[in-house]
Amino acid sequence: MMDSLRSAATGWMAKILIGLLALSFGIWGINDVFRGYRSDVLASVGDYEISAETFRRNFDLQLRSYSRQAGQPITSRRAIELGLDRQILGQMLRDGALQQKATEMKLAVPDAIVVQEVHRDKIFQNSRGEFDANRFRQILQQNGLNEQIYLQEEKVAKQRRALVEPLIADFSAPDILVDAVLRQVNEERDARYFELKANESELPAASEGDLKSFYEKNPQLFTAPAYRSLALLKVEPQDLVASINVTDDELLAAYEKRKAEYSTPERRQILQITFPTLQEASTAKERIDKGTDFLSVAKERGLSEKDATLGELARNDIPDKAIADAAFALSEGAVSQPVEGRLAKALLKVTKIYPEVVKSFAEVREDLRNKIRLERAHEEILTMHGKVEDERAGGANFESIAKTLNISLITVPAVDAKGFDKADKPVEIPGKTEVLNLAFESDVGVETDPIPTKGEGFIWVEVRDATAAAVRPFAEVKDEVRKTYTARKLREQVLKKASDLVKRAQSGTSLETLAQEVGAEIKTEAGLKRNETTQNFDAAAVSALFLAADNGFSYAPDVEGRSAKIMQALPISAPAYNPGSKDAEALRNALQEGLRNDLVGTYISAVQKSLGVIVNDQLWRQTTGAPQ
C-alpha cells in the first residue's frame, strides 16, 4: 500500500512495462477457480474473503498508480483488456493466503511500529522533514482511503512480510549459475567474412503474368489500411487556468498558510568528536577551552577532518534529538559541552551558520497565483466533465458543446490505426495512442466514454467517417508490385547462393577461394558478443555466427535481403570467472532477486492450494463487466 501511494504521489516515469499488466492470471494458480458461487463475496482463499467493494477500491488505486508510473493514462476498459483486473485480484488472493497463514502462526505487529514508520515516510513529511498530518490525510483521501484502513493494511502487510522474509533471508544465487550466465554473456568470437551481393541482372524479366500472380498471392502487401475521420473535444486543467481569478486577499492568506514552502530552514556546518565516556569528553572540552584546536583533538582520536565533519545540516537532518538540540543552541565558532546522544557521547562545534531564508510575499506572488489557479483548475475539471456529459445527453453535437463551454474542438482527417494519413505522414493527435485505440474499436455514431489524459483532463472521441481496409487495384500499385516482387526474388537469389557457398566451405573449399569467385574481399570483425551488435554485424549475423562450431561456417542475409555475409566463426573465448568482480556481483544480485521471487511464488502457490481458492464468477462479471 505504501509503495502504491509513493508511486502515485511522486509520478515516477516508465519504470513499469505495460507488458506487466498482461501477466497471465493462470501463472498464480487462479486459472481454474472461476467456478464456485457464493453471493456474499467476490473471491476467497480459505477463510479470507474479498468483497467486490474492496476489489473496486484496490483496482482504482492501482490503476491511478500504474497510469502515473507509465507516464500515460490507462482507462478501466484498457486495463481490463490487458488483464490488470485479474492481476490485481490474483495479488489480493496471494496477500490473503499469506495473511491467513500469518494469523494461524500468531504473527503480530505492534501498532506503534506502524505509526513510527508512517511518521518516518518522506511522502507524508513537509518541506522541513516533519510528519504533516494534513498532508497524510490529504494523500489518503486522494487515494480513496482513510487513516484506519491505511494503518490496518500497512499492519497486515508487515505481517505478510514477516512470514515470507525468513524463506529468502539466507538464499543466494550459486556461483556455478553466475559463472554459467556470465560466461554466456561475455563470450567473444572473431569472424572472417565477405559480402555476397545480389545481382539483379541475373534475374529473368518479370512478365505481366508474374506480377499479377504475385499480387494475387500476397494481397496483404498491397492493402490500404482502414481509416477513421475524427472529432475530439479536449479539456485539461491547463486549458481552464486563464479563466480562473485569484484575489489579492486569497493570495495573502495562501502565502501565510504555505510559507513553509517558500522557506529554507536554518542550516549549520557541524563538526563532531565522539568519546566512549562523558568524562573523556569533558577532559577534551577543557583542553579545547584552553586553546587546543578542535580538529587536533579529533586527529588524536584517529579521526580525519572528513570523519569529524557531519556536513551542512538542518535541524531535522540530525536523527539524534540531543545532538540536534545542542548543535542548534551554539553560536558560530562555539564548542558544546559534552552531549550524551542515543549512540555516543560527543563534542560539537559549529563552524558556519546559514540563517533561515523566507521569500517575501512579493517574490512568490506570481508563482503562488499560478499554483492556486492550476489547483482550482484541477478541481474544476470534474465539473467541466459533468457539463460536457450533460450536453451530450441532451443531444448537442461536438461543435455546439465546444462553443457553449469554450473548450477545444479538434478535427482529425482520415488517419490509420498507426496515426498516419493517406499520404503516409504522421498526424498530430492529443492522447494519440489511446484515442486511436478507442477510435478503431468504435464506429460512426457510437458514443464512447471519455479518455483520461496525461494532463489529468479528458478527451471525448467521435468517429465521423470510417473506411474499411481494402486491397488496392493492381493498376494502381503495379510499380509497387514490381519493386516488391524484384526484392523478393533477389532475396531468394542471395539466400540460395549463400547456402551453396557455405556448403562448399564446409566441404573444404577455402574462404579465400569462395571470396575470389564472387569478387569480394575477406574482412575480419573481432570481439563480437552474443547479445551485442556492431556497425557491420546486426543481430541476425551475430546469432548465425555463434550458432556455428569453432572454425565452422554460416551465413546471414542483411535486413533488405540484397546481400549476405558468408562467415567463418573462429573459436570462442571467454574471460576467467572472477566471483568478486562488479559484473559477477551485479548478475548475482539480479539472479538472486529472480530466484527469491520464484521461491516466494512457489510457497504462496502451495499455501493457496492447501487453503483452496474460489471466485464468484457471476459477481466477477458484474464487477468488471466481463462478458457473460
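**View 1. Strand β18 and the two ways its side chains point.** In this predicted model, S563, K565, M567 and A569 point one way from β18, while A564, I566 and Q568 point the other way. Whichever way they point, these residues are all buried. That fits the usual picture, since side chains in a regular strand alternate between the two faces of the sheet. The strand covers residues 563-569, and seven of its seven residues are buried, so β18 is largely enclosed by the rest of the structure.

**View 2. The strands that pair with β18.** Which strands does β18 pair with? One is β3 (residues 188-197), which runs antiparallel to β18 and is joined to it by seven bridges. Look for E195 here: its bridge partner in β18 is K565. Another is β17 (residues 552-557), also paired in the antiparallel sense, over six bridges. On that side, S554 has M567 of β18 as its bridge partner. β17 and β18 form a hairpin with five residues between the strands, and G561 in this hairpin takes a positive phi near 75°.

**View 3. Helix α10 against helix α20.** Now to a pair of helices: α10 spans residues 208-217 and α20 spans residues 474-506. Their axes come within 9 Å and cross at roughly 90°, which makes α10 roughly perpendicular to α20. From α10, the contact is made by E208, D210, L211, K212, F214 and Y215. From α20 come F474, V477, K478, V481, R482, T484, Y485 and R488. Sorted by class, the contact has seven nonpolar, one polar and six charged residues.

**View 4. Helix α19 and what covers it.** Helix α19 takes in residues 432-441, and its buried residues are E434, V435, L436, L438 and A439. What lies over them? The cover includes helix α4 (76-81) along with strands β5 (227-235), β12 (408-415), β13 (451-452) and β14 (458-467).

**View 5. K234, a lysine in strand β5.** This close-up picks out K234, which sits in β5, one of the elements covering the buried residues of α19. Is K234 buried or exposed? Its relative accessibility is 15%, so K234 counts as buried, the cut-off being under 20%. The side chains of K234 and D239 are joined by a polar contact of 3.1 Å. Leaving out residues up to four places away in sequence, K234 touches D239, I407, S408, I410, P430, F458 and I459.

Technical notes: Residues numbered from 1 in each chain as written. Predicted model: local features only at pLDDT ≥ 70, side-chain atom pairs only at ≥ 80, totals over all residues. Heavy atoms only, no water. Buried < 20%, exposed > 50% of the residue type's maximum accessible area, 1.4 Å probe, protein only. Helix = DSSP H or I, 4+ residues; strand = E, 2+ residues; numbered from the N terminus. Contact = heavy atoms within 4.5 Å. Axes fitted to C-alpha atoms, helices over the stretch in contact; angles between N-to-C directions. Parallel < 35°, antiparallel > 145°, perpendicular 65-115°, else oblique. Nonpolar A, V, L, I, M, F, W, Y, C, P; charged D, E, K, R; others polar. Pairing = 2+ DSSP bridges. Polar contact = N/O pair within 3.5 Å; in protein donor to acceptor, adjacent residues only side chain to side chain.
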